[in-house]
Number of protein chains: 2
Amino acid sequence: MSYKESLKALTESVGGGLAAVVMGYDGIAIEEFLLEKTPFDLQLLTVEYSNLLRDIRKTVEILENGGMKEVSIATDRLRVLVRVINSEFFLVLVIAADGNYGKGRYLLAQEALKFRDELS
Amino acid sequence: MSYKESLKALTESVGGGLAAVVMGYDGIAIEEFLLEKTPFDLQLLTVEYSNLLRDIRKTVEILENGGMKEVSIATDRLRVLVRVINSEFFLVLVIAADGNYGKGRYLLAQEALKFRDELS
């Protein structure tokens with residue numbers, strides 16, 4: 001499966017899945033998949049989250065409680081789930097606020113492991 | 001129940017619960033409860049997370065996908081769960097990495113609603 005196909009399968013397997021992106025901390029998306037008619041700007045989200053993830057990683061490093069592994073940020077409308085792939089890349093899954101969060105976390109963790117093998 | 005008692009009950013009801021804090025975005029903790037012999041510096045965590053939550057709130061505002069509601073950041077050792085109380089305060093629950101995340105999220109959401117009534 002190509003990266004794009006993996007991201008499509010991930011998005012479509014999770015109830016309420018809207019988009020998935022593999023990206024670097026530098027803000028550059030390696031590959032992405034977005035359902036049609038999603039109600040948000042994925043480009044903007046990608047750039048903003050790479051900045052934010054760098055801030056979160058810095059905080060986690062200061063606190064010295066182990067390396068960053070998973071981040072989840074929910075608003076009234078969306079939930080952005082992030083799983084660290086390695087020191088350069090992370091995997092993002094965007095689901096609707098009422099989407100299947102548990103399944104999303106589970107599949108995202110599995111997928112991140114596969115990407116770790118591919119991107120190392 | 002006093003704030004301290006509520007935080008103690010919350011921490012002890014969640015498998016793997018270690019600490020709970022009500023705090024302001026200004027970095028000042030209103031009240032906190034910490035199990036003895038927890039392996040981290042709660043003061044430092046509190047200050048760093050208030051900075052981080054301000055950054056996350058800013059990002060969420062830029063993306064215009066609704067107000068910030070819940071944040072979860074996991075490392076190899078700890079999971080920090082945050083639930084927004086109102087525009088000034090948020091509630092933090094720290095659990096062990098293998099703690100009961102689902103129950104933690106559920107009880108934290110309930111508790112945040114109670115605090116919203118008290119702190120409004």
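**Entry 1: B:N86**

I started with B:N86 and asked whether this residue is buried or exposed. With a relative accessibility of 18%, B:N86 counts as buried, because the cut-off for buried is under 20%. I note here that I am working from a predicted model.

Where does B:N86 sit? I found B:N86 in the loop between strand 4 and strand 5 of chain B, the latter spanning 89-96.

Next I looked up what the side chain of B:N86 reaches. The backbone nitrogen of B:E88 is at 2.8 Å from that side chain. A polar atom of the B:N86 side chain also lies 2.9 Å from the backbone nitrogen of B:F89. I then set aside the neighbours within four places in sequence, and B:N86 turned out to be in contact with B:Y25 and B:L119.

**Entry 2: strand 1 of chain A**

I moved to chain A and checked how covered strand 1 is. Strand 1 runs over residues 17-24, and eight of its eight residues are buried.

Which strands pair with it? I found strand 1 of chain A joined to strand 5 (residues 89-96) of chain A by seven bridges, running antiparallel. Strand 2 (residues 29-34) of chain A pairs with strand 1 of chain A too, in the antiparallel sense and over five bridges.

I used A:V22 as a marker for both pairings. Its bridge partner in strand 5 of chain A is A:L91, and in strand 2 of chain A its bridge partner is A:E31.

I also looked at the hairpin of strand 1 and strand 2 of chain A, which has four residues between the strands. A:G27 in that hairpin takes a positive phi near 95°.

A reminder to myself for reading these strands: in a regular strand the side chains alternate between the two faces of the sheet.

**Entry 3: A:E70 and its arginines**

I counted salt bridges next, and the structure holds twelve over all chains. I followed the ones at A:E70.

A:E70 forms a salt bridge with A:R83, with the closest N and O atoms 3.1 Å apart. This pair links distant parts of the chain: A:E70 belongs to strand 3 (residues 68-75) and A:R83 to strand 4 (residues 78-84) of chain A, 13 residues apart. Both ends of the pair, A:E70 and A:R83, are buried.

A:E70 has a salt bridge with A:R105 as well, and there the closest N and O atoms are 3.2 Å apart. Which parts does this second pair tie together? A:E70 lies in strand 3 of chain A and A:R105 in helix 3 (residues 101-119) of chain A, so the pair ties together parts that are 35 residues apart in sequence.

I checked accessibility at both ends. A:E70 has 2% relative accessibility and counts as buried, whereas A:R105 is partly exposed, with a relative accessible area of 23%.

I then asked which residues are linked with A:E70 in a network of salt bridges. I got A:R83, A:R105 and B:R79, so I noted that the network takes in residues of chain A and chain B.

**Entry 4: the chain B pair**

I looked for B:E70 and B:R83 in chain B. Their side chains meet in a salt bridge at 3.1 Å, N to O. B:R83 is in strand 4 (residues 78-84) and B:E70 in strand 3 (residues 68-75) of chain B, 13 residues apart. I have both B:R83 and B:E70 down as buried.

**Entry 5: where the chains touch**

How many residues does the contact take from each chain? I get 31 residues from chain A and 31 residues from chain B. Chain A and chain B bury about 2700 Å² between them, with 57% of it on carbon and sulfur atoms. On the chain A side, A:L63, A:N65 and A:T75 lose the most area to chain B, together 20% of what that side buries.

I counted two salt bridges between chain A and chain B. In a salt bridge that I looked up, the side chains of A:R79 and B:E70 meet at 2.9 Å, N to O. I also have 14 residue pairs in polar contact between the two chains.

Which elements of chain A give two or more residues to the side that touches chain B? They are helix 2 (42-63), strand 3, strand 4 and helix 3. Helix 2 of chain A gives the most, with eleven residues. I sorted the residues of that side into 16 nonpolar, six polar and nine charged.

Last, I looked at strand 3 across the contact. Seven bridges join strand 3 of chain A to strand 3 of chain B, and the strands run antiparallel. A:V71 stands opposite B:I73 in strand 3 of chain B.

Technical notes:
Residues are numbered from 1 along each chain as its sequence is written. Chains are lettered from A and ligands numbered from 1 in the order in which they are written. This is a predicted model: local features need pLDDT of at least 70, side-chain atom pairs count only at pLDDT 80 or more; totals for chains, interfaces and linings use all residues. Side-chain values use heavy atoms; hydrogens and water are left out. A salt bridge is a side-chain nitrogen of Lys or Arg within 4 Å of a carboxyl oxygen of Asp or Glu. Buried means under 20% relative accessible area, exposed over 50%, partly exposed in between (1.4 Å probe, protein chains only). Contact means heavy atoms within 4.5 Å. Buried area is the accessible area (1.4 Å probe) that two parts lose on being put together, summed over both. A polar contact is a pair of N or O atoms within 3.5 Å; within protein, one must be able to donate a hydrogen and the other to accept it, and residues adjacent in sequence count only if both atoms are side-chain atoms. Ala, Val, Leu, Ile, Met, Phe, Trp, Tyr, Cys and Pro count as nonpolar, Asp, Glu, Lys and Arg as charged, and the others, Gly among them, as polar. Two strands pair if DSSP finds at least two bridges between them.
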